[in-house]
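Subject: Structure for you, with notes on the A/B interface

Hi,

Here is the structure I promised to pass on. Please open it before you read the notes.

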Amino acid sequence: MKKLTPKTIRAFREEQKAALYDNTKIRITIGMGSCGIAAGAEEALETFREEVANNDIKDVVIKQTGCIGLCYAEPTVEVQVPGMPTVVYGKVTADAARRIIDKHVIRKRLVNDLIFDNPTECAITL
Amino acid sequence: MTYKNFILVYIGLGENKKRDKKIHDDFIKKLIEHNIDDETQVIKAGAHKLCDTGTIVKVFPSNTLYKCSSREDISNIIEKHIIGGNTVSDLLYADHYREQIRVVMRNCGIIDPEAIGEYIARDGYAALEKVIFEMTADDVIEELKKSGIRGRGGAGFPTWKKWTFTKNVDSDMKYIICNADEGDPGAYMDRSTLEGDPHSILEAMTIAGHTTGASNGIIYIRAEYPLAIERLEIAIRQAKELGLLGDNILGSKFNFDIELRYGAGAFVCGEETALIASVEGKRGMPSPRPPFPAVKGLWGKPTIINNVETNANIPMIILKGGEWLASIGTEGSKGTKVFALTGKIRNTGLAEVPMGTTLREMIYDIGGGINNDKAFKAIQTGGPSGGLIPEEFMDTPIDYENLQNLGSIMGSGGMIVMDSDDCIVDIAKFYLKFSVDESCGKCAPCRIGGRTLLNMLTKISEGKGELSDIPQIKRVCKAMQKASLCGLGQAAPNPVLSALRHFEKEFKMHIEEKKCPAKKCIDLITYNILPDKCIGCTMCARACPVNAISGERQKIHVIDQNLCIKCGACLKACKFGAVSCQ
């Protein structure tokens with residue numbers, strides 16, 4: 001990629017912003033800090049990928065992120081489905097990941113007993 | 001069929017669980033009554049906060065938080081909010097819920113740490129651009145000064161002063177070091193920041209380089225953090241590819257490069273002069289200051305050493321202005337602090353809160369209270385250099401000065417919660433032993449003083465202590481604080497002194513009564529089988545790893561005190577409460 005200058009970085013930023021905040025897509029964001037990985041985040045990630053492929057779900061972004069701080073509830077996964085509340089699921093095992101895909105992503109309803117509060121949604125964020 | 005509304009009912013723990021579940025069920029009933037249960041989904045969610053006066057519910061899509069304590073409240077929410085579309089202002093539960101402010105962890109949980117584009121999308125490298133093209137070095141330092149930010153590594157030295165010292169020294173070479181040698185037991189906020197948002201550290205270091213005239217950066221990171229290392233390496237590569245690091249940054253004439261140096265995990269290498277020695281390839285031992293590294297540091301050149309968390313604040317200070325950060329926090333401590341809550345607490349994890357948040361808020365509101373509803377005993381802050389804080393100071397706002405006045409320190413932000421099962425003598429011994437093990441041995445007060453203290457504490461925990469030991473311990477502590485060469489030795493007595501200050505009674509119980517109230521010190525406890533309760537089930541005898549329990553089936557069992565290793569296995573195994581621990 002070409003090196004950025006003050007002129008080009010702004011356009012690049014706008015382009016990246018549009019992608020990061022694209023609300024038309026389903027987003028599955030998995031906490032992959034050391035704590036999440038130790039609790040089994042890699043297995044959850046794999047399961048999400050498999051289930052998305054198996055069910056032929058379109059317009060999904062599955063990505064990793066850092067630790068959001070809920071160590072007691074790791075692995076944590078934030079799920080955004082257009083038209084539904086954005087929630088953080090905790091203790092996401094492979095089985096829970098399958099339930100989330102089936103119930104939340106496909107059938108558009110929230111999954112009981114797995115939601116933990118979302119600390120990234122707090123007083124001041126950029 | 002898709003739902004239009006969602007009602008999240010936070011299910012609490014302990015006694016609140018039943019109440020909250022009932023509210024959940026009542027919501028469903030009420031929706032059925034109104035015949036709108038096919039439009040609204042009611043969901044149970046895990047609460048990370050305790051609320052004794054009512055159930056907290058969140059209504060989507062408006063994202064409104066309510067506190068709900070009766071059927072009437074439920075009717076109100078359903079009739080006015082769900083059906084009528086109006087907010088029920090009497091029941092609002094706002095603001096209290098979100099004590100956290102995310103400055104340092106602003107991108108954790110939002111961006112992919114391995115994608116530089118996402119960091120840039122979150123205004124990443126905009127601060128660097130501003131510094132290079134719009135600000136003078138003095139402007140940058142002025143913003144830092146206005147922000148009031150102090151070093152987050154422990155000592156709390158004003159960051160702007162460090163930068164000014166280095167900027168003002170005339171030298172052909174200057175260095176920027178990021179101290180990522182996080183060593184306190186129970187502290188992992190820096191690891192989390194590096195793993196979740198590595199570019200924020202690179203950007204801050206580059207800003208420091210531009211401001212002070214340095215062109216070399218070094219991140220001193222412990223080798224035990226392989227994931228953080230991997231992500232930093234990826235970040236450095238990506239930043240170089242985009243011209244945000246390396247030569248001619250953003251097309252300017254400014255060059256800055258960052259390399260990683262691995263620490264072998266010695267605690268003392270978090271001390272800046274020892275860190276510098278380690279980077280130079282020497283044995284990690286501190287040297288006397290002055291000269292301070294800001295003037296004469298790595299290879300004898302001016303060197304700024306900032307901790308990870310301090311660095312993570314810097315791009316935000318540049319972008320939003322020093323006054324913005326100064327508006328958060330207390331008089332002497334500005335901004336936020338990330339704490340790692342661990343120990344006997346329900347919700348272990350990281351929390352970034354404004355300075356001035358109280359310990360009670362940390363433990364009960366964010367941490368969800370003590371595990372298994374045991375009694376709170378003390379909280380340990382600042383790791384082996386910090387101290388214990390008892391219940392009576394729980395409402396103290398957390399800032400550098402207050403913690404110091406209580407005999408502890410802010411440190412890097414580890415908070416370990418202790419309950420009634422923890423023995424204060426044992427804890428003081430644990431932290432002291434950590435410092436004794438990590439002492440480099442260069443100066444006598446730390447090397448000999450630490451060992452002497454440890455011996456005296458061990459004596460007390462073995463029931464051989466005398467009352468005269470207490471003043472003697474205090475004397476050695478004072479000597480170490482005064483005469484040790486570096487922070488490790490100066491602060492090593494803190495856990496002991498604060499334990500003595502707040503829990504002298506418990507020390508005296510160990511000495512005078514030869515009793516350990518928490519039943520941790522094995523030389524002060526004995527296990528016995530109560531003859532009137534024992535039914536001779538043999539469970540204890542089978543659980544005993546050293547065959548110290550004898551007795552036939554359906555006959556009373558007896559523990560041989562000479563063989564007993566006091567592991568407590570019999571106590572756990574007995575289903576009849578026939579094993580006592582005294």
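Below are my notes on how chain A and chain B meet.

First, a caution: this is a predicted model.

Overall extent. On the chain A side, 51 residues are in contact with chain B, where 66 residues take part. Together the two chains bury about 5,000 Å². Carbon and sulfur atoms give 56% of that area.

Polar links. There are 24 residue pairs in polar contact between the chains, counting pairs with both residues at pLDDT 80 or more. The salt bridges between chain A and chain B number four. One of them joins A:Lys63 to B:Glu118. Its closest N and O atoms are 2.7 Å apart.

Which elements of chain A give two or more residues to the side that touches chain B? They are helix H1 (6–20), helix H2 (34–39), strand E2 (60–65) and strand E5 (115–116). H1(A) gives the most, with eight residues. By class, this side of chain A has 27 nonpolar residues, twelve polar and twelve charged.

Strand pairing. The contact between the chains also includes strands. E5(A) is joined by two bridges to strand E2 of chain B, residues 40–46. The two strands run parallel. Within this pairing, look at A:Ile115: the residue opposite is B:Ala45, in E2(B).

A good place to start is the pair A:Lys63 and B:Glu118, which form a salt bridge. Then turn to E5(A) and E2(B), to see the parallel strands across the two chains.

Best wishes

Definitions and conventions:
Residues numbered from 1 in each chain as written. Chains lettered and ligands numbered in written order. Predicted model: local features only at pLDDT ≥ 70, side-chain atom pairs only at ≥ 80, totals over all residues. Heavy atoms only, no water. Contact = heavy atoms within 4.5 Å. Buried area = accessible area lost by both parts, 1.4 Å probe. Salt bridge = Lys/Arg side-chain N within 4 Å of Asp/Glu carboxyl O. Polar contact = N/O pair within 3.5 Å; in protein donor to acceptor, adjacent residues only side chain to side chain. Helix = DSSP H or I, 4+ residues; strand = E, 2+ residues; numbered from the N terminus. Nonpolar A, V, L, I, M, F, W, Y, C, P; charged D, E, K, R; others polar. Pairing = 2+ DSSP bridges.
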